[in-house]
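Work through the following exercises with the sequence and the model at hand, attempting each task before reading its solution.

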Amino acid sequence: MKVKTILVSQPEPKMDNSPYSRLIEKEKVKVDFRPFIHVEGVNAKIVREQKIDLNDFTAIILTSRNAVDHFFRIAEEMRFKVPDSMKYFCQSEAVAYYLQKYVVYRKRKIYVGKRLFDDLTPMFKKYKDEKFLLPSSDALKPAIPKALDDLKLDWKRGVFYKTVISDLSDLKEVYYDVLVFFSPSGIESLLKNFPDFEQNDTRIAVFGNSTVNAATTAGLRIDIKAPTPETPSMTMALQKYITSVNK
């Protein structure tokens, strides 16, 4: 069956010339964006209940832009003035660049990984005597605490924000040829919003092994998968599939 409509379970890209724009133009398909999950911050009271005092830490581990936003939000709520001496360990350049929203970059001690959390290991070893805070969501990959424990760092996790399932009830009568997922939480949202969901002719596209596992466990048929050596991005995987079925 041909593909004419696609629903991506993420916010619409802010850039004008995104890969999705090129996909729409080239394949003449309709692509809608709708976050199946969203992030909500917890308040300072809940952070205090986790026995977290921001004065205790000399370094912050930032794995995402959400972590950046919610660390500084909580600092403000707690009336904590972040000292200039605070060190920031950012998982990627994108996170480090986003940090400039809150701090004067050149005047701060910022250490940046390439992309994966393990890329920070050499920097953690160099500064192993710091007291680290990891602001995170309620859903944290188990590999991150394990990596920090293996390095024997003095660290503490704080749940500063939560991943929440979005209300999708307005989509009940809407049909798409392809649904695109990037996380197990997206699959969970689909099934929570539509417990009677029947896949039928709907194609499911998934990104990443954890999303593949969640979709398979839920009994969904996976039609499009990324990343692969041939299609490292989701838009490339969609392009390849659409080209094959829309002949």
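**Exercise 1: the sheet**

In this predicted model, 6 strands form an open sheet of mixed pairing, in the order S3-S8-S7-S4-S5-S6. Determine which strands are the edge strands, and describe how S5 and S6 pair.

Solution. The edge strands, each of which pairs on one side only, are strand S3 (37-41) and strand S6 (109-112). From one strand to the next, the twist averages 25°. Turning to the pairing of S6 with strand S5 (residues 87-90), one finds 4 bridges in the parallel sense, and Tyr 88 has Ile 110 in S6 as its bridge partner.

**Exercise 2: helices against the sheet**

Identify the strands that H3 touches where it packs on the sheet, and state which strands helix H6 lies across.

Solution. Helix H3 touches S3, strand S4 (59-62), S5, strand S7 (131-137) and strand S8 (154-165), and its direction makes about 105° with that of S8. Helix H6 (residues 143-150), for its part, lies across S4, S7 and S8 and runs at about 175° to S8.

**Exercise 3: a residue of H3**

Decide whether His 70 is buried or exposed, and trace its contacts.

Solution. His 70 belongs to helix H3 (residues 65-77). Its relative accessible area is 11%, and because buried means under 20%, His 70 counts as buried. Its side chain makes a polar contact with the side chain of Arg 73, at 3.0 Å. When neighbours within four places in sequence are left aside, His 70 is in contact with Val 39, Glu 40, Gly 41, Phe 160 and Tyr 161.

Methods
Residues are numbered from 1 along each chain as its sequence is written. This is a predicted model: local features need pLDDT of at least 70, side-chain atom pairs count only at pLDDT 80 or more; totals for chains, interfaces and linings use all residues. Side-chain values use heavy atoms; hydrogens and water are left out. Helices (H or I, at least four residues) and strands (E, at least two) are DSSP runs, numbered from the N terminus. Buried means under 20% relative accessible area, exposed over 50%, partly exposed in between (1.4 Å probe, protein chains only). A polar contact is a pair of N or O atoms within 3.5 Å; within protein, one must be able to donate a hydrogen and the other to accept it, and residues adjacent in sequence count only if both atoms are side-chain atoms. Contact means heavy atoms within 4.5 Å. Two strands pair if DSSP finds at least two bridges between them. Axes are lines fitted to C-alpha atoms, for helices over the stretch in contact, and angles run from 0 to 180 degrees between N-to-C directions.
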